[in-house]
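Me: I am new to this structure and would like a close look at a single part of it. Please take one pair of helices and follow the packing outward from there.

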Amino acid sequence: MSVVRVLNRRQVSGLISMPMALDAVEEAYRMKGEQRGELWPMVVHVFGPDHRGDLDIKSGNLPDRYGLKVVSWFGANEKRGLPALTGTELLFDMENGQPVALLDAGPITDYRTGASAAVGAKYLAPIDSRRLCIVGCGALAPYVASAFALLFPGLEEMTIVNPLHPVHAVERLEHIKSLAERLAGRSIPLVASEDTESAVRTSDLVTTITPATQPVVKAAWLHKGMHLSCIGADMEGKQEIESDCARDALLFCDDCSQSLSVGEFEKPFREGILKKLDGEIGAVVAGRMQGRRSKDAITIFDASGIALLDLSMAKALVAAAEGLGVGSLVEW
């Protein structure tokens with residue numbers, strides 16, 4: 001008989017932190033780069049009358065654990081007072097296949113997504129980067145801002161923009177700033193702008209976190225020495241930056257197959273602009289591949305979202321829960 005630890009959203013939220021997420025994400029990338037972590041086939045299915053829901057299953061294994069995350073989206077839920085996205089993480093023992101834990105994956109997804117953008121930049125961006133532009137002001141924006149604040153303490157300014165609804169960046173600034181500062185544990189120099197082009201052109205670092213299916217960042221806005229972390233494209237048809245951005249940049253991703261099929265590099269690859277990627281971030285983290293080759297290089301990192309991040313986060317949360325006696329133990 002197995003014993004499964006169940007952690008609900010309140011309990012996960014009480015245990016999780018951005019430093020934990022940054023460590024877990026970096027470790028997951030390292031494991032993949034060392035070929036000690038494997039991704040399994042992804043499932044994406046749209047269903048129901050009028051295609052009102054979709055299901056996304058990402059799975060894989062680390063050396064001692066395997067598992068999956070199931071994410072469902074129901075757009076009409078906002079009118080019902082329910083979250084549009086619902087995530088569930090299931091963790092198993094790699095040795096014997098027994099279930100170990102069941103967790104609410106909502107907070108896990110928020111934290112690991114923000115952390116992935118910053119960890120990619122840590123290994124690819126210029127070390128003296130001073131200005132960050134966050135393109136997108138949705139629910140994930142505070143997690144991105146706090147992650148960069150922790151990994152790039154020398155940042156002098158962060159600018160948030162929303163190219164789809166420019167005024168929203170100004171309207172949401174105080175909420176994003178307040179939550180980001182709480183997550184980072186310190187004050188963050190965050191401002192809002194309605195001019196996406198100017199904000200991108202004057203930044204050293206750019207992170208895109210939108211649901212765009214048409215580019216919101218143009219190739220003409222890029223300049224030598226900058227880095228982009230693209231994290232909004234997570235299914236076929238999404239695209240945040242112009243395909244031409246890939247022509248003269250060094251291109252890295254979390255997983256080549258996933259990035260070229262459902263990530264930011266899907267469209268430039270399909271259009272023939274992109275022939276191959278320079279490598280995966282895991283190989284750079286593991287020291288098996290060079291990232292930035294020169295100060296003037298433009299680097300782009302596509303974080304399409306791999307299951308190993310969720311597994312690594314779940315492991316860290318279960319360990320913390322065991323130490324504090326948090327969660328419900330259920331006989332299986």
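Reply: The crossing of α4 and α5 is right-handed. This is a predicted model, and in it α4 covers residues 106-124 while α5 covers residues 141-151. Their axes come within 8 Å and cross at roughly 40°. Angles under 35 degrees would count as roughly parallel and those from 65 to 115 as roughly perpendicular, so α4 and α5 are oblique to each other.

On the α4 side, the residues that meet α5 are D110, Y111, G114, A115, A117, A118, V119, A121 and K122. Their partners in α5 are Y143, V144, A147, F148 and L151. Sorted by class, this contact holds 11 nonpolar residues, 1 polar residue and 2 charged residues.

F148 leads on from the helix pair to the wider packing. The largest nonpolar core has 69 residues, and F148 is among those with the most contacts inside it, together with Y29, L103 and M158. The helix that gives the most to this core is α2 (residues 18-33), with 9 residues. In soluble globular proteins, nonpolar side chains tend to be buried together.

M158 can be followed one step further. Apart from neighbours within four places in sequence, M158 is in contact with F148 itself and with L132, A145, A149, I188, P189, L190 and V191. There is also a second, separate core of 25 residues, which includes V200, L228, C245 and I298.

Conventions:
Residues numbered from 1 in each chain as written. Predicted model: local features only at pLDDT ≥ 70, side-chain atom pairs only at ≥ 80, totals over all residues. Heavy atoms only, no water. Axes fitted to C-alpha atoms, helices over the stretch in contact; angles between N-to-C directions. Helix = DSSP H or I, 4+ residues; strand = E, 2+ residues; numbered from the N terminus. Parallel < 35°, antiparallel > 145°, perpendicular 65-115°, else oblique. Left-handed = near helix turned anticlockwise from the far one by under 90°. Contact = heavy atoms within 4.5 Å. Nonpolar A, V, L, I, M, F, W, Y, C, P; charged D, E, K, R; others polar. Core = buried A, V, L, I, M, F, W, Y, C linked by side-chain atoms within 4.5 Å. Buried < 20%, exposed > 50% of the residue type's maximum accessible area, 1.4 Å probe, protein only.
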